[in-house]
Amino acid sequence: MPQSPSPDIYDCQACGACCAYSEDWPRFSLETDEQLDAIPEAMVATDLSGMKFENGRCVALNGELGKCVGCTIYTVRPIVCRDCMPGDPECLMAREAIGLPV
Ligand code: SF4
Ligand code: SF4
């Protein structure tokens, strides 16, 4: 979940779609060992490939999708989460998948 740069419809704090799009989405990529160590172990997938995904969402996501959400590990979230920007193609795909306006 990136920051929302503007208070338009792509408000990450009222969305969370990319955090609930697919268990294959919040994967680790170019994180350093130090960055990975900062993520609570209990929130990491058992195969260590990315964030744990349960009940259709990343376990680090708090709140209600499409209403009010927050990433509980925001400052240490994976690179893929930082790279997805409000309004970009991945964002639109995720929002559409949960029925939010694009
Ligand atoms: S780590 Fe945070 S930003 Fe990344 S998918 Fe999970 S809840 Fe979303
Ligand atoms: S899908 Fe888009 S608007 Fe929603 S949380 Fe992710 S980046 Fe933000």
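Q: A helix here is a DSSP run of H or I that is at least four residues long, with the numbering starting from the N terminus. In this predicted model, which helix does Pro-89 lie in?

A: Pro-89 lies in helix H3, which covers residues 89–97.

Q: Why is Pro-89 called exposed?

A: Its relative accessible area is 61%. Exposed means over 50%, so Pro-89 gets that label.

Q: How far apart in space are Pro-89 and Glu-64?

A: Their C-alpha atoms are 23 Å apart, and the two residues are 25 apart in sequence.

Q: Why does Pro-40 count as partly exposed?

A: Pro-40 sits in the loop between H1 and E1, with a relative accessibility of 36%. Buried would need a value under 20%, and exposed one over 50%. Since 36% falls in between, Pro-40 is partly exposed.

Q: What about Lys-52: why is it partly exposed?

A: The loop between H1 and E1 is also where you find Lys-52. Lys-52 comes in at 23%. Buried means under 20%, so Lys-52 misses that label and counts as partly exposed. If you look for Ala-94, it is 42 residues from Lys-52 in sequence and 18 Å away in space, C-alpha to C-alpha.

Q: How do you know whether Gly-66 is buried or partly exposed?

A: Check the number: Gly-66 has a relative accessible area of 30%. The buried label stops at 20% and the exposed one starts over 50%, so partly exposed it is. On the chain, Gly-66 belongs to the loop between strands E3 (61–64) and E4 (68–71).

Q: Which distances go with Gly-66?

A: Here are two. Met-43 is 23 residues away in sequence and 22 Å away in space, C-alpha to C-alpha. Pro-40 is 26 residues away along the chain, with 25 Å between the C-alpha atoms.

Q: What makes the phi of Leu-48 worth pointing out?

A: Phi of Leu-48 is near 65°, a positive value in a residue other than glycine. You'll find Leu-48 in the loop between helix H1 (33–37) and strand E1 (53–54). At 62% relative accessibility, it is over the 50% mark, so it counts as exposed.

Q: And what is the phi of Asn-55?

A: About 50°, again positive although Asn-55 is not a glycine. Asn-55 is in the loop between E1 and strand E2 (57–58). Its relative accessible area is 78%, and over 50% means exposed, so that is its label.

Q: How do you know that the charged end of Arg-77 sits over the ring of Tyr-74?

A: The charged end is 3.8 Å from the ring's centre. The rule allows up to 6 Å, and within 35 degrees of the ring normal. Arg-77 is listed as sitting over the ring.

Q: How many aromatic pairs are there?

A: Zero. A pair needs ring centres within 6.5 Å.

Q: Which class fills the shell around ligand 1?

A: Nonpolar: eleven nonpolar residues, no polar and no charged ones. Among them are Met-1, Trp-25, Leu-61 and Ile-73. Cys and Pro count as nonpolar too, and the shell includes Cys-19 and Pro-26. Ligand 1 takes up the second largest cavity.

Q: How does the shell around ligand 2 divide?

A: Into eight nonpolar, one polar and one charged. Gly-16 and Arg-95 are both in that shell. Gly counts as polar and Arg as charged, so those two fill these classes. The space ligand 2 takes is the largest cavity.

Key. Residues are numbered from 1 along each chain as its sequence is written. Chains are lettered from A and ligands numbered from 1 in the order in which they are written. This is a predicted model: local features need pLDDT of at least 70, side-chain atom pairs count only at pLDDT 80 or more; totals for chains, interfaces and linings use all residues. Side-chain values use heavy atoms; hydrogens and water are left out. Rings of Phe, Tyr and Trp (its six-membered ring) pair if their centres lie within 6.5 Å; planes under 30 degrees apart count as stacked, over 60 as edge-to-face and the rest as tilted. A residue is near a molecule or strand if one of its heavy atoms lies within 4 Å of it. On a 1 Å grid over the protein atoms alone, a cavity is a set of points where a 1.4 Å probe fits but cannot get out, and a pocket is an open set with protein on both sides within 12 Å along at least five of seven lines; lining residues have an atom within 4 Å of a point. A molecule sits in a cavity or pocket if more than half of its atoms lie within 2 Å of its grid points. Helices (H or I, at least four residues) and strands (E, at least two) are DSSP runs, numbered from the N terminus. Buried means under 20% relative accessible area, exposed over 50%, partly exposed in between (1.4 Å probe, protein chains only).
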